[in-house]
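This report addresses internal cavities, backbone geometry and the burial of one helix. Please consult the sequence and the coordinates alongside the text.

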Amino acid sequence: MKIKRLICLALVSIGAVVIVLWMSFFFRKKEQERKPEELLITYMNYIAGREYGEMYAMLHKKASGMIGQEEFVKRNSAIYEGIEMRDMTVKGIAYEEDRQMVTYETSFDTVAGEIHFKNEAHFVKGEKGYELVWDDSLIFPDLDVSDKVRVCTTQAARGSIRDRNGRVLAGKGVASSVGIVPGKMRDRKETVQKIAALLNIKQETIEKKLSEQWVKEDSYVPIQIIPKVKESDLLSLKPKRKAREEWEKHESLLKIPGVKISDTEVREYPLGKAAAHLVGYVQSVTAEDLEEHAGEGYAVDSVIGRSGAEGLFEKELRGQTGCRIFIEDAGGYEKKEIASVSVRHGQDIMLTIDAGLQTSLYEQYKDDKSCSAAIDPRTGEVLALVSTPSYDNNEFIMGLSEQKWAALNENKKKPMYNRFRQVWCPGSSFKPIIAAIGLDCGAINPKEDFGKEGLRWQKDSSWGAYYVTTLHTYAPVILENALIYSDNIYFAKAALKIGAEQMEESLLRLGFQEELPFEVKMQKSQFSNEEHIETEVQLADSGYGQGQILINPLHMACIYSAFCNNGNVVKPVLVYNEHPEVSYWIPQAFTGKAAGRVLEGLKKVVSDPHGTGYAARRKDIILAGKTGTAEIKASKEDNSGTELGWFSVFTADPKTRRPFLIVSMVEDVKERGGSGYVVGKTGKSLDKWLEEM
């Protein structure tokens, strides 16, 4: 039995070997039987996939001039990747048996646009069947072995960003570009160490840039942008310390073999910190950017908008880089142009922003955690968007050191945090909105006296220990006085009269829980953390801007515009038009009667000596507005919470030559004067801006 089993196993093994040999012969035979036109398609697919080793394996080596694999791969990869070949298609394939030639048409996209040409490929019989006869003309029909394929780019000039008066917010500047030519380095490790120490960057950062796929021995690899030293600073009797330090840095860098420093055009932001969150900044493209935006005209020396208006209008600002691909002969002369795309310089973008108002608001609030939004209440043109504390966007152009970047991100005041895009608890600045809602739905009779309740009130004992508190008593307790004295109790009662269902319906109509129709994406305003206002106490608190009410400052400014526009809420606009067409985001958000009634009360908030905005009054123009102080605490029993201070102010006379509406919010105003602190700051900002105008 054992012998029989061994014999059976031997037979099975022999049979398996026979099958394997037969299958190998079969597939080799099939490979040898592949037609030249089929082989051409395979070869072109390898080109598209950048599989250079597979391409080389298809060659008849002797007929192809005995070209080595390394040389073959280097030649093909340098050309195809240098022109950024992609999306290849092949058609019109035909085989001429007598010539053993395959004719075909191919096209593909490149950095200089589409390339299309007819070509032919020669095949001969080899050991493995038909094999390709390769020479340089298979890349381009007119390409010889001694020719080079050149790519010449003309960088598009980036468009400027300007304010409504033509003042530059982002434009051309000059700095020094520090780079390395790899082939001129003596000792790579030592060179990298010295440069890293002088530029205060990690060695790994330099190594990564030197290892990019596009880098060749004669490439200029930009490492960092540093400030350009002005001769006037050095030649002065007392050279500026910073200029002297920069000059010494330049000198030390130039002593390192392989380092090159040249003037380079950079983006410059004249307003700096005053408009950094609004304008944003650009940075040099990375390898990831080039991959993500392949085919969009970016080159290794391009910049890309990272935030603010720079990122928002990137497509318009950057334009289109010009590019030519051509064949150059051995003598350095242009032999033939293969493809070209003309340079198209970027567009200039003019914003509705008023640089003077932007700067004056920033100067007043630069040491606070704050945000401000200013608009023209008639047209919706945004005049200012300020977030403080801020950062200097010019530093991003020069390249932030890791220490500086860490300091920005670890700063407790969060200078990189864009506050004007967020939502905040509005406090009493929300009361005019409640007033208009109540008037329109009939819940508020402007002449009705709600009764004196002292400084605290609750609806009934069902509220337990919770009371609504206010700061002043007055008589009669009617709408106008409630606005002047900013009475929490009056507006808590008004909210209860309006009711949760009507409140939600009205706030949804005013744009709550939807995106603001504006170029810059803002966080959505809300009236509750849940889908609905859940309790009676939450509803009462909502009446004076507490509870779970959160609103974006620009959204607030837009709603306030209804008090200037007979009840219509303007649509905010950021791009300047010399002859703006007024567009309403929410037509008839309030009736004209309700808007007018609230407007009269808001005028007295500023003009009446008892008004909370009285400190902002002016003799030259009629102002209206509303203050607000919002308590931010963990619970109703929390006594250690902070306060947000608000002031919304606008020109109330329709004949005002330069109308404005400003909404400002400041964090941590507790024990600093509450909303009065904001009134004073905004008043000073207005004084300076109006004086300059």
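## Internal cavities

The largest cavity in this predicted model encloses about 100 Å³ of space. It is lined by 14 residues, of which Lys-452, Glu-453, Gly-454, Val-477 and Asp-487 are the closest to its centre. Sorted by class, this lining comprises 5 nonpolar, 5 polar and 4 charged residues.

How many cavities of 30 Å³ or more does a search of the whole structure find? The search returns 2. The second largest cavity has a volume of about 30 Å³, and its lining consists of Gly-511, Glu-514, Leu-516, Met-522, Gln-523, Lys-524, Ser-525, Asn-552, His-555 and Trp-585. By class, 3 of these lining residues are nonpolar, 5 are polar and 2 are charged.

## Cis peptide bonds

Thr-388 and Pro-389 are joined by a cis peptide bond with omega at about -5 degrees. Pro-389 belongs to the loop that runs between strand 16 (382-388) and helix 14 (394-398).

Another cis peptide bond connects Ala-475 to Pro-476, where omega is about -5 degrees. The loop containing Pro-476 lies between strand 18 (468-469) and helix 17 (479-485).

## Positive phi angles

Asn-200, although not a glycine, has a positive phi of about 60 degrees. This residue sits in the loop between helix 5 (188-199) and helix 6 (203-210). Its relative accessibility is 38%, so Asn-200 counts as partly exposed, a class that covers values from 20% to 50%.

Lys-414 is likewise a residue other than glycine with a positive phi, here near 55 degrees. Lys-414 is located in the loop between helix 15 (402-410) and helix 16. With a relative accessible area of 48%, Lys-414 is also partly exposed.

## Helix 16

Is helix 16 largely enclosed or largely open with respect to the rest of the structure? Helix 16 spans residues 431-441, and 9 of its 11 residues are buried, so the helix is largely enclosed by the rest of the structure. A residue is called buried when its relative accessible area is under 20%.

The buried residues are Lys-431, Pro-432, Ile-433, Ile-434, Ala-435, Ala-436, Ile-437, Gly-438 and Leu-439. In an α-helix there are 3.6 residues a turn, so residues three or four places apart point the same way. After helix 16 comes Gly-442, which has a positive phi near 85 degrees.

Notes:
Residues numbered from 1 in each chain as written. Predicted model: local features only at pLDDT ≥ 70, side-chain atom pairs only at ≥ 80, totals over all residues. Heavy atoms only, no water. Buried < 20%, exposed > 50% of the residue type's maximum accessible area, 1.4 Å probe, protein only. Helix = DSSP H or I, 4+ residues; strand = E, 2+ residues; numbered from the N terminus. 1 Å grid on protein atoms, 1.4 Å probe; cavity = no way out; pocket = protein on both sides within 12 Å on 5 of 7 lines; lining within 4 Å. Points joined across faces, edges and corners; volume = space filled by probe spheres on them. Nonpolar A, V, L, I, M, F, W, Y, C, P; charged D, E, K, R; others polar.
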